[in-house]
Amino acid sequence: MYRKYKSAELVKPGGLDLKDRLVGVQRVTKVTKGGRAFGFSAIVVVGDEHGVVGQGLGKSKDVASAIAKAVEDAKKNLVRIPLKGKTLPHEQKGKYGGARVNIIPAAEGTGVIAGGAVRTVLEAVGVHDVLSKSQGSSNPHNVVKATFDALLQLRDANVIARDRGISLEKVFNG
């Protein structure tokens, strides 16, 4: 799932104190010749609030098992996100489908200025000071994936210096 991101560091769930957050539950309908068959689809974000986060989708005939399946799926998709203290290393845009998300680091004490699905993901990561804007589609599935797209593109200064083969000081001072 995260193969297209060079800096995506996959994490095993063992030994982590993961908290799960429900983003949304949808009732879905399948029309058959015998009538309508109702089911539920749940999207969940799990994170340790210290830079590790994952998202998952679960589907079932009842809500509780859909959420449980989503949590299990999310634990299989954990990634480490680089943080700079309680905020992000730099501004980043992400997109998925019709959803566009812009996340911007903010000064200490700003709080999480984000709505809906973006807020859930950022809080699960452990970001405390951030500004964000979600544009386009408000579909929670696509907004969560767009937020992950933005977060997975983040790189801290040490990684950039190593990739370019230059000193950390030269990254900032040219």
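Two strands count as paired if DSSP finds at least two bridges between them. Keep that rule in mind for this tour of a predicted model.

**Stop 1: the sheet**

Select residues 35-47, strand β3, and residues 52-60, strand β4. These strands run antiparallel and are joined by eight bridges. For one example, pick Gly47 and look for its bridge partner in β4, which is Val53. In general, strands of a sheet pair through backbone hydrogen bonds, in either a parallel or an antiparallel way.

Now show the whole sheet. In what order do its five strands lie? The order is β1-β5-β4-β3-β2, the pairing is antiparallel and the sheet is open. Colour β1 (9-10) and β2 (19-32), which stand at the edges. Each has a single partner strand, so one side of each is left without a neighbour in the sheet.

**Stop 2: helices on the sheet**

With the sheet still in view, add residues 63-76, helix α1. Helix α1 packs on the sheet and touches β2, β3 and β4. The direction of α1 makes about 145° with that of β4.

Next add helix α3, which also packs on the sheet. Its strand contacts are β2, β3, β4 and β5 (79-80), and its direction makes about 155° with that of β4.

**Stop 3: α2 against α3**

Select residues 116-125 for α2 and residues 140-152 for α3. The two axes come within 8 Å and cross at roughly 45°. Angles from 35 to 65 degrees fall in the oblique class, and α2 and α3 are therefore oblique to each other. Their crossing is right-handed.

Which residues make the contact? On α2, show Ala117, Val118, Val121, Leu122 and Val125. On α3, show Pro140, Val143, Val144, Thr147, Phe148 and Leu151. By class, this contact has 10 nonpolar residues, one polar residue and no charged ones. As a general point, an α-helix has 3.6 residues a turn, so residues three or four places apart point the same way.

**Stop 4: α4 and α5**

Move to residues 157-164, helix α4. Which of its residues are buried? They are Val159, Ile160 and Ala161, and the buried residues of α4 pack against α5. Just after α4, click on Gly165, which takes a positive phi of about 70°.

Then select Val171, in helix α5 (residues 168-173). Leaving aside neighbours within four places in sequence, Val171 is in contact with Ala157, Ile160, Ala161 and Ile166.

To finish, draw a distance between the C-alpha atoms of Val171 and Pro140. These residues are 31 apart along the chain, and the separation is 36 Å.

Key
Residues numbered from 1 in each chain as written. Predicted model: local features only at pLDDT ≥ 70, side-chain atom pairs only at ≥ 80, totals over all residues. Heavy atoms only, no water. Axes fitted to C-alpha atoms, helices over the stretch in contact; angles between N-to-C directions. Helix = DSSP H or I, 4+ residues; strand = E, 2+ residues; numbered from the N terminus. Parallel < 35°, antiparallel > 145°, perpendicular 65-115°, else oblique. Left-handed = near helix turned anticlockwise from the far one by under 90°. Contact = heavy atoms within 4.5 Å. Nonpolar A, V, L, I, M, F, W, Y, C, P; charged D, E, K, R; others polar. Buried < 20%, exposed > 50% of the residue type's maximum accessible area, 1.4 Å probe, protein only.
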